[in-house]
Amino acid sequence: MAEMGSKGVTAGKIASNVQKKLTRAQEKVLQKLGKADETKDEQFEQCVQNFNKQLTEGTRLQKDLRTYLASVKAMHEASKKLNECLQEVYEPDWPGRDEANKIAENNDLLWLDYHQKLVDQALLTMDTYLGQFPDIKSRIAKRGRKLVDYDSARHHYESLQTAKKKDEAKIAKAEEELIKAQKVFEEMNVDLQEELPSLWNSRVGFYVNTFQSIAGLEENFHKEMSKLNQNLNDVLVSLEKQHGSNTFTVKAQPRKKTKLLSRLLRKKNSDNAPAKGNKSPSPPPDGSPAATPEIRVNHEPEPPSSATAGASLPKSPSQSSLPAVVVETFSATVNGTVEGGSGVGRLDLPPGFMFKVQAQHDYVATDTDELQLKAGDVVLVIPFQNPEEQDEGWLMGVKESDWNQHKELEKCRGVFPENFTERVQ
């Protein structure tokens, strides 16, 4: 019997819930159609909007904080691998081996400590902060349902009162249900009216606390890491002093010799080509460069006549034919005036001037079309006449001192390795 009674209670509760859902659905339809008024509370709705905004911001902050922690962990692993590599290459007879190993251990511990403190002081606080939102969100939804119940009971009571044939028993029962629905709604409404503004105002203190914790932890981490880096630097300086004769030299990126040879051959052919209108070139005098197998690259061209001087100006190549580094900074020369880049309106710069670099290391030229550089030399970078001839990692330019002296590109220009220089303008 007890089991049947229990089943009966359960069935009755289910039926009651079904009836409530049906009544709410009908009430909402009537309200949307304008056939029933709806209780509004603009102040509460503003609180709900703030709540939703606060939840969205907090969820994003939590996601970004987890991403930050994942990045810290990844940096820890990368730093650990890098130190392991140093330990492997550090030979036993080199000075400071034990110190370097100890620094690596402290480095690992520092990363671990930093990550754990971020979890304890930022992420867990973040999780606690967001942990209160699901319950409040559920209560806001429940309040909405109870408000619909209250409006439905109010409308039912009002319809019975205005009916032509009044049933006092039904009116009394409807009034009782209205009072009950109103009481349930108001209890939930009052609680939320107090909690939501308080929760909204608490966000300021939470954000301050969270970001202060992160900033403080990061500051301390970098201070300690800086000390370890300085110690490692001291160890490596000691190693360098012992093996000072074996210095590391900067090397240029290898050039493609096929391009170089092609360029030199084209240069020779153009130098030996007959002038337009001549059937055959005049034989070179004995002892001239053309009579020997040597290929000469840097010829000084004959100065153009006044009639052809205007035609000798370099044409601006289209951007589609230039490599990215040239397209980005290329500036054309029109009527002797440089346009664009840092050479605007200046006549003392070579045609097509793009920017300046300064040599950081000496470079010994290995081909006749390369510039010989000393540390400190300033080079004026210009585009290649034929972009296809540009090798990766190499630039075309003329040393500023040579340009100021000669003002002739054919005499002065040449290629040089970009990694031996640093851009200064």
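Colleague: In what order do the five strands of the open sheet come, and how do they pair?

Modeller: In this predicted model, the five strands of the open sheet run in the order 6-5-4-3-7, and their pairing is antiparallel. The edges are formed by strand 6, residues 414-417, and strand 7, residues 421-423, each of which pairs on one side only. From one strand to the next, the twist averages 50°.

Colleague: How many bridges hold strand 4 and strand 5 in their pairing?

Modeller: Strand 4, which covers residues 378-382, pairs with strand 5, residues 394-399, over four bridges in the antiparallel sense. Within this pairing, Ile-382 stands opposite Met-396 of strand 5.

Colleague: Which residue forms a salt bridge with Lys-399?

Modeller: That partner is Asp-377, and the closest N and O atoms of the two are 3.9 Å apart. The salt bridge links distant parts of the chain, since Asp-377 lies in the loop between strand 3 and strand 4 while Lys-399 belongs to strand 5, 22 residues apart. Lys-399 has a relative accessibility of 16%, so this residue counts as buried.

Colleague: Switching to rings, how many aromatic pairs does the structure hold?

Modeller: There are ten aromatic pairs, and one of them joins Tyr-90 and Trp-94, whose ring centres are 5.4 Å apart with planes at 70°, so that this pair is edge-to-face. Tyr-90 is buried at a relative accessible area of 2%, whereas Trp-94 is partly exposed at 23%.

Colleague: And what about Tyr-363 and Phe-420, are they buried or exposed?

Modeller: Both Tyr-363 and Phe-420 are buried, and they form an edge-to-face aromatic pair with 5.3 Å from centre to centre and 70° between the planes. Tyr-363 sits in the loop between strand 3 and strand 4, and Phe-420 in the loop between strand 6 and strand 7, so the pair links parts of the chain that are 57 residues apart.

Colleague: Which ring does the charged end of Arg-423 sit over?

Modeller: The charged end of Arg-423 sits over the ring of Phe-355, 4.1 Å from its centre. A similar arrangement brings the charged end of Arg-203 over the ring of Trp-200, at 3.7 Å from the ring centre.

Colleague: Back to salt bridges, where does the one between Arg-66 and Asp-127 fall in the chain?

Modeller: Arg-66 is in helix 2, residues 42-89, and Asp-127 is in helix 3, residues 97-131, with the two positions 61 residues apart. Their side chains meet at 3.4 Å, N to O. Arg-66 is partly exposed at 43% relative accessibility, and Asp-127 is also partly exposed, at 27%.

Conventions:
Residues are numbered from 1 along each chain as its sequence is written. This is a predicted model: local features need pLDDT of at least 70, side-chain atom pairs count only at pLDDT 80 or more; totals for chains, interfaces and linings use all residues. Side-chain values use heavy atoms; hydrogens and water are left out. Two strands pair if DSSP finds at least two bridges between them. Axes are lines fitted to C-alpha atoms, for helices over the stretch in contact, and angles run from 0 to 180 degrees between N-to-C directions. Rings of Phe, Tyr and Trp (its six-membered ring) pair if their centres lie within 6.5 Å; planes under 30 degrees apart count as stacked, over 60 as edge-to-face and the rest as tilted. Buried means under 20% relative accessible area, exposed over 50%, partly exposed in between (1.4 Å probe, protein chains only). A charge sits over a ring if NZ of Lys or CZ of Arg is within 6 Å of the ring centre and within 35 degrees of the ring normal. A salt bridge is a side-chain nitrogen of Lys or Arg within 4 Å of a carboxyl oxygen of Asp or Glu.
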